[in-house]
Amino acid sequence: MHGAVRARVALTHHAVYPSSSRQIYSSKGVAAGLQCWRAYSVLPADLDSDEKAVLHSMLRVDHAGEYGASRIYAGQMAVLGKTSTGRVIQEMWDQEKSHLKKFNEVLGEHRVRPTALLPLWNIAGFALGASSALLGKEGAMACTVAVEESVSEHYNSQIRQLMENDPERYTKLLHLIKEFRDDEIAHHDTGLEHDAESVPGYWLLKAVIQAGCKAAIYASERV
């Protein structure tokens, strides 16, 4: 199994993670599990304290963003899950859950604590998703456009930072962030294709949601 996974990594140049943290405690033993996880490390091993703090903050806010996005889609599905729009929302939600799973594994691997604000983002994300969906399909899609535009812009700023620092040193992390950034851009475009801009007060709604996203990013990096 490990040989097949390593071959996949070599072919795709993407960071790949074990399907579950429970693999660490399999019958093969803790040592085998740790060896498997080290193979998919997205951060260089030789980090000084300042560099580690910056990168841990980066991973923490990315994890929080994916968690919040997943909760937003959960709220939208609670309202629109049985409508014709439910399939589209479910597809985007599935991708967000995949992103979150990978970041859960990365945080565990690098011993990065998640933000202490996750309970707040749990409630706020679901409430935002449900309330936007109550405006109809267009409201849900307007929320998607606003959130995914903010997230993709944040990922772009991280990519620029890593490229300026040392792109070869952070190759795996860059691949991971770029992959997720591309998914968020696709979600943004899906929202526009499904009439996001036709909801009354679109620009005001978008501005308010994006202000909230910026505040959440700022807080999650620090708390």
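This report describes the helices of a predicted model and selected residues within and between them.

**Overall composition**

The protein chain contains eight helices and zero strands. Read from the N terminus, its elements therefore follow the order α-α-α-α-α-α-α-α. Of its 223 residues, 48% count as buried. Among contacts in the chain with a separation of 6 or more, 80% are between residues 24 or more positions apart.

**Helices α3 and α8**

Helix α3 covers residues 49-80. It has 32 residues, and the distance from its first C-alpha to its last is 46 Å, close to the 46 Å expected at 1.5 Å a residue. The helix is mostly covered, with 23 of its 32 residues buried. At the N-terminal end of α3, aspartate 48 acts as a cap: one of its side-chain oxygens lies 3.2 Å from the backbone nitrogen of aspartate 50.

Valine 54 belongs to α3. Its relative accessible area is 43%, so valine 54 is partly exposed; the range for that class runs from 20% to 50%. Valine 54 is 167 residues away from glutamate 221 in sequence, but the two C-alpha atoms are 9.3 Å apart in space.

Helix α8 spans residues 202-222. Its 21 residues should span 30 Å at 1.5 Å a residue, and the end C-alpha atoms are 31 Å apart, which agrees. The buried residues of α8 are Tyr202, Lys206, Ile209, Gln210, Cys213, Ala219 and Ser220. The elements that cover these buried residues include α3, α5 (118-133), α6 (137-165) and α7.

**Packing of α4 against α7 and α6**

Helix α4 is formed by residues 86-110 and helix α7 by residues 171-193. Their axes come within 11 Å and cross at roughly 160°. An angle over 145 degrees counts as roughly antiparallel, and α4 and α7 are therefore roughly antiparallel to each other. The crossing of α4 and α7 is left-handed. On the α4 side, the contact is made by Val88, Met92, Gln95, Glu96, His99, Lys102, Phe103 and Val106. The α7 side contributes Leu176, Glu179, Phe180, Asp183, Glu184, His187 and Thr190. As background to such lists, an α-helix has 3.6 residues a turn, so residues three or four places apart point the same way.

The axes of α4 and α6 come within 13 Å and cross at roughly 30°. Angles under 35 degrees count as roughly parallel, and α4 and α6 are therefore roughly parallel to each other. The crossing of α4 and α6 is also left-handed. Here Val88, Ile89, Met92, Glu96 and Phe103 in α4 meet Met141, Thr144, Glu148 and Tyr155 in α6. Among the α4 residues that meet α6 are Met92 and Glu96, both of which also take part in the contact with α7.

**Two histidines**

Histidine 99 lies in α4, and histidine 187 lies in α7. Both residues belong to the contact between these helices. The cut-off for a buried residue is under 20% relative accessible area. Histidine 99 has 2% relative accessibility and so counts as buried. Histidine 187 is likewise buried, with a relative accessible area of 2%.

The side chain of each histidine makes a polar contact with an acidic side chain, as listed below.

| Histidine | Partner side chain | Polar contact |
|---|---|---|
| Histidine 99 | Aspartate 183 | 2.7 Å |
| Histidine 187 | Glutamate 96 | 3.1 Å |

Leaving out residues up to four places away in sequence, histidine 99 touches Glu66, Phe180, Asp183 and Glu184. With the same exclusion, histidine 187 touches Tyr73, Met92, Gln95, Glu96, Thr144 and Glu148. Of these neighbours, Thr144 and Glu148 are among the α6 residues that meet α4.

**Loop residues with positive phi**

Arginine 111 is in the loop between α4 and α5. It has a positive phi of about 55° although it is not a glycine. Its relative accessible area is 76%, so arginine 111 is exposed.

Aspartate 195 is in the loop between α7 and α8. Its phi is near 70°, a positive value in a residue other than glycine. With a relative accessible area of 36%, aspartate 195 is partly exposed.

Methods
Residues are numbered from 1 along each chain as its sequence is written. Side-chain values use heavy atoms; hydrogens and water are left out. Helices (H or I, at least four residues) and strands (E, at least two) are DSSP runs, numbered from the N terminus. Buried means under 20% relative accessible area, exposed over 50%, partly exposed in between (1.4 Å probe, protein chains only). The expected span of a helix is 1.5 Å times one less than its number of residues. A polar contact is a pair of N or O atoms within 3.5 Å; within protein, one must be able to donate a hydrogen and the other to accept it, and residues adjacent in sequence count only if both atoms are side-chain atoms. Axes are lines fitted to C-alpha atoms, for helices over the stretch in contact, and angles run from 0 to 180 degrees between N-to-C directions. Angles under 35 degrees count as roughly parallel, over 145 as roughly antiparallel, 65 to 115 as roughly perpendicular and the rest as oblique. A crossing is left-handed if the near helix is turned anticlockwise from the far one by less than a right angle, and right-handed if clockwise. Contact means heavy atoms within 4.5 Å.
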